[in-house]
Amino acid sequence: MYEAFEHQFTINFGQLQNAIALSSDGNILVTGGIDDQRISVWDLNTGQLIRCWMFAPDEFLHGMSNTVESLAVGADNRILVSGGRLIQVWDLPTGRKIRTLKATGAICNTISPDGTKLITHGSGRTPTTIV
């Protein structure tokens, strides 16, 4: 068995989670909630919650419901992209929103290793967006 897989503990999220992403250094776990519509950042060395924030304030959605459908962490562990009805780019260390992208939802996101491209995709025939 690999030594990397020997340490184990469980994190109790307290709410249903729909999306999950891991930092490139393996120290940070980011989760996206269904019930509470929050993005939560966890320290994987301690299992403790570092910070959390609302995924998308209601004023952007005009009363529509929202869940975090996808998360991606940039290779430098500074950028987080969340997808759902809105695609939002966040500063991961602070939780500050950098921008909201005009796209039609995303159930999966990926960021290129050099951080210059973001690719998002919805379900079925939803167009893939490359930023």
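In which strand is Gln17 found? Gln17 is found in strand 1, and this residue offers a convenient way into the structure, which is a predicted model. With a relative accessible area of 24%, Gln17 is partly exposed, since a residue counts as buried under 20% and as exposed over 50%. Leaving aside its neighbours within four places in sequence, Gln17 is in contact with Thr31, Gly32, Gly33 and Ile34. The C-alpha atom of Gln17 is separated by 9.7 Å from that of Ser40, a residue 23 positions away along the chain.

From this starting point one can turn to the chain as a whole. Its secondary structure comes to one helix and eleven strands, and, read along the sequence, these elements follow the pattern β-β-β-β-α-β-β-β-β-β-β-β. Of the 131 residues in the chain, buried residues make up 37%. Among the contacts with a separation of 6 or more, residues 24 or more positions apart account for 33%.

The interior comes next. In soluble globular proteins, nonpolar side chains tend to be buried together. In this model, the largest nonpolar core has 13 residues, of which Val30, Ile39, Trp53, Leu71, Leu80 and Leu92 touch the most other members. Two or more residues of this core come from each of strand 1 (17-22), strand 3 (38-43) and strand 5. Leu71 illustrates how such a core residue is surrounded: apart from neighbours within four places in sequence, Leu71 is in contact with Ala19, Ile20, Ala21, Val30, Thr31, Gly32, Ile39, Leu80, Val81, Ser82 and Asn109. Another core, of seven residues, lies apart from the largest one, and its members include Ala72, Ile87, Val89 and Leu118.

Two members of that other core, Ala72 and Leu118, also appear in the surroundings of Thr110, whose contacts beyond four places in sequence are Ala72, Lys117, Leu118 and Ile119. Thr110 has its place in strand 9 (residues 108-111) and is partly exposed, with a relative accessible area of 42%. Although Thr110 and Ala72 are 38 residues apart along the chain, their C-alpha atoms are separated by 5.7 Å.

Strand 7 brings together several further features. Trp90 is found in this strand, and at 4% relative accessibility it counts as buried. Once the neighbours within four places in sequence are set aside, Trp90 is in contact with Ile39, Trp53, Met54, Phe55, Arg78, Ile79, Leu80, Ser82, Gly95, Arg96, Lys97 and Ile98. Among these contacts are Ile39, Trp53 and Leu80, which also belong to the largest nonpolar core. The C-alpha atoms of Trp90 and Val73, 17 residues apart along the chain, are separated by 9.6 Å.

Which residue forms a salt bridge with Asp91? The partner is Arg78, and the closest N and O atoms of the pair are 3.4 Å apart. Asp91 lies in strand 7 (residues 87-91), whereas Arg78 lies in the loop between strand 5 (70-73) and strand 6 (79-83), so the pair ties together parts that are 13 residues apart in sequence. The structure holds one salt bridge. Its two ends can be described by their accessibility: Asp91, at 9%, counts as buried, while Arg78, at 42%, counts as partly exposed.

The loop that carries Arg78 deserves a further look, as Asn77 is also found between strand 5 and strand 6. The phi angle of Asn77 is near 65 degrees, a positive value in a residue other than glycine. At 19% relative accessibility, Asn77 counts as buried, because the cut-off for that class is under 20%.

Finally, one may ask where empty space is left. Rolling a probe the size of a water molecule over the atoms shows where such space lies. About 230 Å³ of space lies in the largest pocket. Of the 16 residues lining this pocket, the closest to its centre are Ile79, Ile111, Gly115, Thr116 and Lys117. Strand 6 and strand 8 (96-101) are the elements that give two or more residues to the lining. In chemical character, the lining residues divide into nine nonpolar, three polar and four charged. Ile79, one of those closest to the pocket centre, is also among the contacts of Trp90, and Lys117, likewise one of those closest to the centre, is among the contacts of Thr110.

Key. Residues are numbered from 1 along each chain as its sequence is written. This is a predicted model: local features need pLDDT of at least 70, side-chain atom pairs count only at pLDDT 80 or more; totals for chains, interfaces and linings use all residues. Side-chain values use heavy atoms; hydrogens and water are left out. A salt bridge is a side-chain nitrogen of Lys or Arg within 4 Å of a carboxyl oxygen of Asp or Glu. Helices (H or I, at least four residues) and strands (E, at least two) are DSSP runs, numbered from the N terminus. Buried means under 20% relative accessible area, exposed over 50%, partly exposed in between (1.4 Å probe, protein chains only). A nonpolar core is a set of buried Ala, Val, Leu, Ile, Met, Phe, Trp, Tyr and Cys residues joined through side-chain atoms within 4.5 Å. Contact means heavy atoms within 4.5 Å. On a 1 Å grid over the protein atoms alone, a cavity is a set of points where a 1.4 Å probe fits but cannot get out, and a pocket is an open set with protein on both sides within 12 Å along at least five of seven lines; lining residues have an atom within 4 Å of a point. Grid points are joined across faces, edges and corners, and a volume is the space filled by probe spheres set on the points. Ala, Val, Leu, Ile, Met, Phe, Trp, Tyr, Cys and Pro count as nonpolar, Asp, Glu, Lys and Arg as charged, and the others, Gly among them, as polar.
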